[in-house]
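Student: I am new to this structure. Could you show it and explain the terms as we go?

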Amino acid sequence: MFPPAATPDGLAARCTRVLLSPWARLGLLLALLAGAAAAMLLWQPQQLLTGGWPERLSGPTALLLFALAYGGCTTAFVPRPVLNLAAGALFGGQAGLATALAGTVLGAGLAFGLGRLLGQDALRPLLRARWLTAADRQLSEHGFRSMLALRLFPGLPFCATNYCAAVSRMGWLPFLLATALGSIPNTAAYAIAGARASTPTSPLFLLAMGFIAISALGALAVAWRKRKTLRGH
C-alpha cells in the first residue's frame, strides 16, 4: 500500500518549522545585516561631518531623527566615533551628547534584540573554543560589569560586542544599563571634539582629544592583561 499523502496542514507545519529553525533565523539575520551594510555604503553617513544634514530639520525633531538614524547606523556597523563627531558638529556639545547617547542605547538594543531572536539558538552550540567559552562565561555570569568595562574602555567594534552579548545569556537590563552608563565618557569626548572642531587649539578640544587618546591606551592595557583569561589559561 502507498503511504498516505501529506496533508496540507502537515506540509504547512513542516515549512513553518524549517522557516523558524535556528539556522534559517541566522540566515535571515545575516541577510538583514548585509542589506543594512549595503545601504550605509550607498548613503555614506560620514557625509554628516561635512554638512550632509538637511538644513530644514532643526529643534527636537532633528534630535529625534538623528537619534533614530544613529541607532540604525550602528546596527549596520557604522563606527560610533563618526556619528558622535557628527552629533557634536551638528547640535553642539550638550545636545549632541544627549542625542548620541540615545542613539547608542537604541542601536545597542536593536542589535541585541536581533541577535537574541535570530542568532542565539544557532550560534551558542558553536562556542567550543576555550577563549570563546571564557568570553561567554564572563558575559553570562558578570554581564553588567563586563559590558561596563567594554564601554568604558573601547577597543572592540560596538556592533560586534552587541551581537556577542546577544549570543551570551546576559539579561536585557544589565546590558542596556551598562551600555548607557559606560558610553557616557567617550561619547561626551567625541561630541565635544565635534562641536569644537572649528577651533582645534581650544582647551576643550584638546582636552577631549587627550581623553580619547588616554581611553584608547587604557583599552589596550586592559586587553593585554585579559588576554590569558580569554584564552582559558
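Tutor: Helices (H or I, at least four residues) and strands (E, at least two) are DSSP runs, numbered from the N terminus. This is a predicted model, in which local features need pLDDT of at least 70. Residues are numbered from 1 along each chain.

Student: What are the helix and strand shares of residues 63-83?

Tutor: That span is 81% helix and 0% strand, with its end C-alpha atoms 13 Å apart. Residues 172-192 are 95% helix and 0% strand, and there the end C-alpha atoms lie 30 Å apart. An unreviewed UniProt entry lists both ranges among its "transmembrane region" features; such annotations may be inferred rather than shown by experiment.

Student: How do you know that the length of helix 3 agrees with its number of residues?

Tutor: The expected span is 1.5 Å times one less than the number of residues. For the 17 residues of helix 3 (residues 59-75) that gives 24 Å, and the end C-alpha atoms are 25 Å apart, which agrees. Just after helix 3, Phe77 has a positive phi of about 70 degrees.

Student: Why is Phe144 called partly exposed?

Tutor: Buried means under 20% relative accessible area, exposed over 50%, and partly exposed in between (1.4 Å probe, protein chains only). Phe144 has 31%, so it is partly exposed. Phe144 belongs to helix 7.

Student: What makes the buried residues of helix 7 line one face?

Tutor: The buried residues there are Gly143, Ser146, Met147 and Arg151. Seen down the helix axis, they fall within an arc of 130 degrees, so they line one face. The arc is taken from the directions from the axis to the C-beta atoms.

Conventions
This is a predicted model: local features need pLDDT of at least 70, side-chain atom pairs count only at pLDDT 80 or more; totals for chains, interfaces and linings use all residues. Side-chain values use heavy atoms; hydrogens and water are left out.
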